[in-house]
Amino acid sequence: MISKKLITLAVAICATSMLFAQQTAKITVSGVIKDDDNGETLIGASIYEPKNAIGATSNEYGFYSLTLPQGNDSVSVEYSFVGFQPKTIRISLKSDVKMNVRLGTGIELQVVEVKANSYQESIRSTEMSVEEITTKEVKVIPALLGESDILKVIQLKPGIPSGSEGTTGLYVRGGGGDQNLIVLDEAVVYNASHLFGFFSTFNTDAVKDLKLYKGGFPAQYGGRLSSVIDVRMKDGNNQRFAGTGGIGLISSRLTLEGPIQKEKSSFIVSGRRTYADIFTRQINKANADKEDYNPIPDYYFYDLNTKVNFDLSEKDRLYLSGYFGRDVFAFDGDFFNFNFSWGNKTGTARWNHVFNPKLFHNLTFTFSDYDYNIETKVTGFSFKIGSDVQDANLKSDFYYNLNDRHTFRFGGNVTHHSFGVGRLKAGSDDGKVTFSGGNDFTAYSMAIYFGDEMSIGNHVKLNAGLRFSGFANEKFYVGIEPRAAAVYNVNTDLSFKASYARMYQYQHLVSTSGISLPTDIWYPSTEQIKPQRSDQIAIGVEKLLGKQYLVTNEYYVKWLRNQVDFVDGAQLFANDNLENEFAIGKGYGYGMELGIEKQEGDLRGWVGYTLALVKRGDFVPIDDTKVFAGGDSYFFPRYDRRHDFSLVLMYDVGKRWTFSGTAIYGSGDRTWMPVGRFAFQDVYGGNFQPVTPVYGERNAFRLPYFFRSDFGVTYKMFPKWGESDLNLSFYNVTNRRNAFFLYIEPQYADGVKPEKDPFAIPTGLAAKQVSLFPIIGSLTWNFKF
Amino acid sequence: MKNIFLKSKISNQLGWPFTVLFFAPFFFTACGNLEKDISLDLPVYEPQYVVECYLEPGQPFSLLLTKSTPYFEPFPDDLLNFVNNIVVDSAEVTITHDGVDYVLANAPTLNPTTFKLYNYTNPTLVPMEFDHDFSLKIITPDGKLITATTRILPVVPIDSVVVEFDEEKDTLARCLTYISDDPSTVDYYRRMIHQNSLIDSIPQQDFTTNDDYVDDRTIVFGTGYDFKEGDTIYNTIFHIERAYFDFWNSTFNSINSNGNPFGQPSSIISNVRSADDSAIGIFTGLSYYRVMTIVKK
């Protein structure tokens with residue numbers, strides 16, 4: 001009902017606004033904005049004509065289109081982008097103008113003005129609940145083991161708490177870890193982590209920028225409830241051959257890029273690999289003769305990003321990009337060996353076509369694959385289990401700048417999904433005994449969308465859109481997803497914003513832990529598992545203080561439906577009836593986010609605070625013979641974090657030194673603790689258990705608060721062949737022991753060995769807190785030529 | 001000596017900033033203890049009755065009725081005091097089968113063979129009968145009613161036990177246990193294997209499974225090369241009902257979740273019922289087949 005009213009209202013406003021807009025003749029200024037140094041397109045650059053107070057931003061491909069009133073005069077159009085020197089260009093208003101613009105890095109005197117322009121664009125925009133990070137920032141912020149990681153830096157922004165310490169999980173505005181749509185060059189990345197979630201799949205050298213939507217989702221995005229994380233790879237330097245790389249504590253990186261044909265086409269190849277396995281193999285070799293020695297398993301991960309792009313003509317551009325990454329964990333023993341590997345593959349082909357100065361089109365084909373495989377061999381027997389998910393997606397997006405009042409975005413996509421869930425094959429080598437199992441699903445999803453960014457008078461902008469989505473598996477589901485975002489500009493330094501978005505999610509992650517595991521399985525909506533749905537309303541204010549500080553304050557409330565959890569004692573591994581382990585429920589969350597940021601000058605950074613609450617409940621198992629204890633009432637999920645504070649500072653001292661520091665405080669994660677115990681005798685031959693825990697209310701216990709402070713210093717060197725820097729970082733400088741998990745250790749009298757004595761009785765129970773990371777120093781050498 | 005030379009060489013070539021940055025991580029990286037004791041303030045817990053009753057055909061009716069305790073309640077000094085502290089006396093316990101009531105007297109009994117203790121027993125032997133339910137009714141000393149129902153399942157025999165020595169290290173052997181599953185029914189099993197003793201040793205393997213992944217009728221259970229010549233292997237296959245499968249798994253999930261950050265705690269999934277969740281436990285038939293094998297070359 002609410003949806004219908006919103007649609008009607010949006011259509012009415014759109015029609016009225018279009019009538020007013022047709023009254024005077026217009027011209028269009030359009031083109032592509034690029035980095036002067038390397039030819040990379042600049043996403044989100046600001047284009048502003050102050051006389052008529054008309055502005056636009058460049059889209060994901062650097063393209064912009066600005067409609068101005070026709071006349072005999074000329075006007076000044078300002079082009080600006082964070083960290084670049086702005087350009088002002090006189091443009092004649094007589095007829096359409098094509099204006100490709102190159103921006104160079106700014107000189108110090110002008111950076112304040114640049115930032116003011118950029119912030120003013122943010123204040124003017126209907127976009128809210130958006131966070132952006134560039135790799136320049138990421139590289140100087142101190143990181144765990146020196147591995148700079150764009151997903152971990154985005155966790156420092158308000159409203160994006162991480163999962164467990166050191167991991168890349170994101171729990172945006174009360175959403176689950178599976179409710180984030182992570183796309184790399186528009187291809188979905190299903191498991192964006194390496195090393196059990198401690199590092200993300202994104203190699204900072206290959207990434208151009210990351211934009212995260214927490215709410216107010218534009219109509220072109222869909223498929224997950226809580227966030228959209230849009231990661232763009234660099235295009236490659238089309239001016240000259242260049243390289244970047246680094247040698248760190250656990251991995252090394254190398255990126256090569258250059259023109260295939262100067263100005264017209266370029267390539268980039270970027271690789272990264274860890275090397276702990278090289279050392280552990282040597283240790284194993286040195287100890288091979290020792291009888292009691294247990295070899296250390298091999299572990300490594302690597303990833304490779306590649307991209308080429310071609311200017312086919314003045315109006316056509318082609319991009320081809322790919323990602324391939326894998327983790328390998330293996331052990332080779334006398335009687336027993338296993339090989340556990342997992343990873344993502346993505347591929348993207350995009351064709352940009354400019355039909356005319358007002359109409360831009362992008363046709364995209366993407367391929368995504370995530371799989372894990374575990375192979376185990378015990379003499380005479382082998383065991384293989386694996387799961388995978390693959391997408392092939394065709395997508396068409398149009399960007400149409402109708403006039404100075406309306407910019408339309410419309411398009412659609414269709415995706416073929418295939419899911420292999422819990423494929424198991426086990427048996428004896430002689431073939432006499434075999435086990436097999438698993439489920440395969442083939443599904444289709446599709447969506448069409450339309451959005452209109454419209455100006456209503458001089459102070460109000462509205463971005464209204466509608467998305468129709470569908471998913472076909474055992475049943476065909478349709479979702480109607482209205483979207484609306486509005487801004488009221490009080491003046492150039494102050495605006496009030498509001499947004500509403502409904503989202504549907506048709507794929508669900510089968511995971512019970514608070515940590516992203518490679519064995520987590522994606523499962524499609526079926527007849528019994530309905531699509532997840534969320535409705536989010538946000539209001540906020542943006543205020544520019546002294547031209548350098550942007551203050552944002554947002555309040556949100558979110559309702560969640562058809563949330564997926566698992567029954568008590570769920571068998572998620574090797575289960576042909578996995579669906580019967582699901583319980584379906586509801587949830588809600590609300591909160592307030594406050595942020596202050598300064599992105600230019602010698603001293604840069606941001607401070608963020610979030611006050612939030614999230615609850616889930618009304619869970620009903622799909623299989624009514626199963627139990628979801630306490631599910632009928634509402635409970636806190638593990639990631640409910642009441643307070644979350646982060647401070648990030650970067651300070652340049654001269655040309656050579658950059659100091660950086662972060663401080664993070666958060667309420668502790670919630671955990672489910674036992675409140676009682678009983679003695680379980682068991683049957684003849686069974687193990688007597690004097691302490692069998694009885695768990696109390698779900699996640700009622702909160703771990704101690706989390707605090708961590710990191711410090712980093714970067715020293716730049718300028719050898720003849722290019723640039724290099726040494727980055728020294730200290731993770732957890734206060735050496736605080738943050739709780740990773742708790743456990744209870746039974747204590748026994750001297751001489752009692754419970755592993756040998758089936759009737760041993762403890763003398764007491766001691767609660768222990770386990771932390772993961774003490775203070776850790778790391779050194780990384782980075783170079784660029 | 002070697003390190004000093006390296007340090008001075010680096011300093012000469014790249015200057016002091018490099019030297020400071022290079023060596024600083026090693027001075028500041030801590031390797032301290034990552035575990036510490038903490039005190040937990042847990043909510044108040046109301047103790048529950050705990051029922052364990054396994055109906056084994058040919059054995060007397062026996063039931064253990066105890067009470068759970070708050071998690072951190074101090075432990076008594078020895079096993080006897082521990083048991084005395086938790087057993088519940090003076091309850092009325094009746095098991096009904098095929099219209100016959102079997103009243104279990106409050107008489108603590110320790111089975112000398114199994115070393116299992118029961119505080120309610122009836123000397124009548126449990127009949128081997130698969131077609132009628134067994135019903136349990138307990139009225140506790142404070143007047144609470146606990147009920148449960150179960151049925152005895154047919155025994156699934158072990159078809160064969162094969163002991164194989166490793167070809168390379170011929171001093172160690174493994175054990176393969178074969179059973180035949182009925183493909184027309186969903187069956188649940190508990191598999192246990194002991195080395196040398198059924199009483200005073202921890203089982204080498206103890207797990208439950210169902211027949212979801214069985215391609216044909218044969219299910220095989222294997223072990224590692226853990227046995228020496230002369231060892232006695234006790235192989236046991238319990239044919240269990242779904243309620244026992246859920247109870248056992250939830251109990252061991254609950255135990256194993258302690259200390260496992262990836263684990264998922266679980267409530268105890270019981271088949272005993274009480275008006276206000278005042279009881280947990282299991283009332284089930286016990287059908288098993290056990291084979292003893294002496295390892296020989």
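**Exercise 1.** How many bridges join strand 34 of chain A to strand 35 of chain A, and do the two run parallel or antiparallel?

*Solution.* Keep in mind that we are working with a predicted model.
- Locate the strands: strand 34 covers residues 603-621 and strand 35 covers residues 643-653, both in chain A.
- Count and orient: nine bridges join these two strands, and they run antiparallel.
- Check one pair: A:G605 has A:L649, in strand 35 of chain A, as its bridge partner.

**Exercise 2.** Follow strand 35 of chain A onward to strand 36 of chain A and describe their pairing and the hairpin they form.

*Solution.*
- Strand 36 of chain A spans residues 657-666, and 10 bridges join strand 35 of chain A to this antiparallel strand.
- For a pair to look up, take A:V648, whose bridge partner in strand 36 of chain A is A:T662.
- Now the turn: three residues lie between the strands of this hairpin, and A:G654 takes a positive phi near 65° there.

**Exercise 3.** Work out the strand order of the open sheet that includes strand 1 of chain B, and explain what is special about its edges.

*Solution.*
- The order is 43(A)-44(A)-1(B), three strands with antiparallel pairing.
- Strand 43 of chain A (741-747) and strand 1 of chain B (35-37) each have a single partner strand, so each has one side without a neighbour in the sheet.
- On average, neighbouring strands of this sheet are turned by 35° against each other, direction ignored.
- Finally, zoom in on chain A: strand 43 pairs with strand 44 (residues 764-770) over seven bridges in the antiparallel sense. There, A:Q769 of strand 44 of chain A is the bridge partner of A:L742.

Definitions and conventions. Residues numbered from 1 in each chain as written. Chains lettered and ligands numbered in written order. Predicted model: local features only at pLDDT ≥ 70, side-chain atom pairs only at ≥ 80, totals over all residues. Pairing = 2+ DSSP bridges. Helix = DSSP H or I, 4+ residues; strand = E, 2+ residues; numbered from the N terminus. Axes fitted to C-alpha atoms, helices over the stretch in contact; angles between N-to-C directions.
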